[in-house]
Amino acid sequence: MPKHIFFIIFLLFSLHKPSNGQSCSNYNFATTQTFTSCTNLPFLNSFLHWNYNQSSKTVQLAYRHVGSTQSRWVAWAVNPTGHGMVGSQAIVAFKKPDGTMRAYTTPIDSYQTKMQPGDLSFRVSDLSATSTKNQEIVIFATLELDENIIRSSSVNHVWQEGPLSGDFPAMHGASGSNVKSMGTIDLISGNSGTGAINSNTKKKNVHGVMNAISWGIMMPVGAVFARYLKVFPSADPAWFYLHATCQTTAYITGVAGFATGLRLGSESVGVQYTSHRFIGIALFCLGTLQVFALLLRPNKDHKHRFYWNIYHHTIGYSVIILSIVNVFKGFDILNPDGKWKKMYILILIGLALVAATLEVYTWCVVSTRKRKSNDARSKSDIGITRSNGYNGYEEARIQDRVV
């Protein structure tokens, strides 16, 4: 291979950078402080530097966040009791309107926390924060941890950023990188990993799966059964039982998912899910109306059946449209791996293709039946006309003879 090819490959590797834009290993602090270990945190453009004294369980650290503005706060925390936000012992920093930096400690004991200053479960010293011209905030601190917090040299940690409301932090984002910024880190080896999914994230996942399957998939499938199978006489009344079973199962599962969503909403004060929540409430109300409509369904020959059909179809298609919209809003909130959203899109495309094919086929069937029915009616009318004409002719002849 020519030498210039090796040079190009080397150049490409040398230009390669981590996803957050830079590496911690070649960073030089403006102060005289140096750190022997560091890691590029996988989310929120953040980096952690530290010196760990194993004998005294003391950690001297610097947490850096790149891309902060004057209206944003940043935080880093240790969670001695588990993974995630609740139970974490946090250090918060932000730039005040006068340009000075504020750094303080705050324990996080619930999702409704106001992040007020407070003492942590371990001693913190040398706490300070700096801000650079390239929109970078750095938090410095020394932590005195014990065996209950450091397990085999590893700790659970969380990092976060969000907007300011006056002189205090406001609620951070509840989707994307903001809900993934947690993990474990080995203070000796420097190895890090993503943390286990916390209970609140599990509830969100359960809520999303239940509603995507019920409202987002089973409801449209049940509508396909009702619209296209009833065209075939051999499928009656099987189509009705398939439709009713599919929609009832979807409604029960959807109500369970709706209840989970209400619980999540009560635990997430300050999080803005306005449109997603309102659509969910509307779906629950419309779905409940459909259940009552099924119980009050008039017979086919009833004079009010025509109006009931209009009501039932209007509410049903409205539920399907709102369900699909809300599933995509849920994807935006949970921000799962892209494969799940792509899978749901493929399912919708498959249903659309099936519906389009059946729509054309059933229209052909109905048109053929109408044409045959019209032909039979025409032949019947011709037979009647001929019969009447023959009898009229014979009657005229009889009258002539009489005369």
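**Exercise 1. Which residue in β11 does asparagine 156 stand opposite?**

Before we start: this is a predicted model, where local features need pLDDT of at least 70, side-chain atom pairs count only at pLDDT 80 or more, and totals for chains, interfaces and linings use all residues. Residues are numbered from 1 along each chain as its sequence is written, and side-chain values use heavy atoms, with hydrogens and water left out.

*Step 1.* Find the strands: β9 covers residues 154–165 and β11 covers residues 182–186. Strands here are DSSP runs of E with at least two residues, helices are runs of H or I with at least four, and both are numbered from the N terminus.

*Step 2.* Check the pairing, which takes at least two DSSP bridges between two strands. β9 and β11 run antiparallel and are joined by five bridges.

*Step 3.* Read off the partner: asparagine 156 faces threonine 184.

**Exercise 2. Find the other partners of β9.**

*Step 1.* Look at β4 (residues 72–78): seven bridges tie it to β9, again antiparallel. Arginine 72 has proline 163 as its bridge partner in β9.

*Step 2.* Now try β10 (residues 168–169), which pairs with β9 in the antiparallel sense over two bridges. Here leucine 164 is matched with proline 169.

*Step 3.* Peek at the turn: the hairpin of β9 and β10 has two residues between the strands, and glycine 166 takes a positive phi near 75° there.

**Exercise 3. Which strand gives the most to the largest nonpolar core?**

*Step 1.* Pin down the term: a nonpolar core is a set of buried Ala, Val, Leu, Ile, Met, Phe, Trp, Tyr and Cys residues joined through side-chain atoms within 4.5 Å. Buried means under 20% relative accessible area, exposed over 50%, and partly exposed in between (1.4 Å probe, protein chains only).

*Step 2.* The largest core has 26 residues, and Leu48 and Trp76 are among those with the most contacts inside it.

*Step 3.* Several strands supply at least two residues each, including β2, β4 and β9. The top contributor is β8, with four residues.

**Exercise 4. Is histidine 207 buried or exposed?**

*Step 1.* Locate it: histidine 207 sits in helix α2 (residues 199–229).

*Step 2.* Use the cut-off: histidine 207 counts as buried because its relative accessibility is 17%.

*Step 3.* List its contacts (heavy atoms within 4.5 Å). Not counting residues up to four places away in sequence, histidine 207 touches Gly257, Thr260, Gly261, Leu264 and His276.
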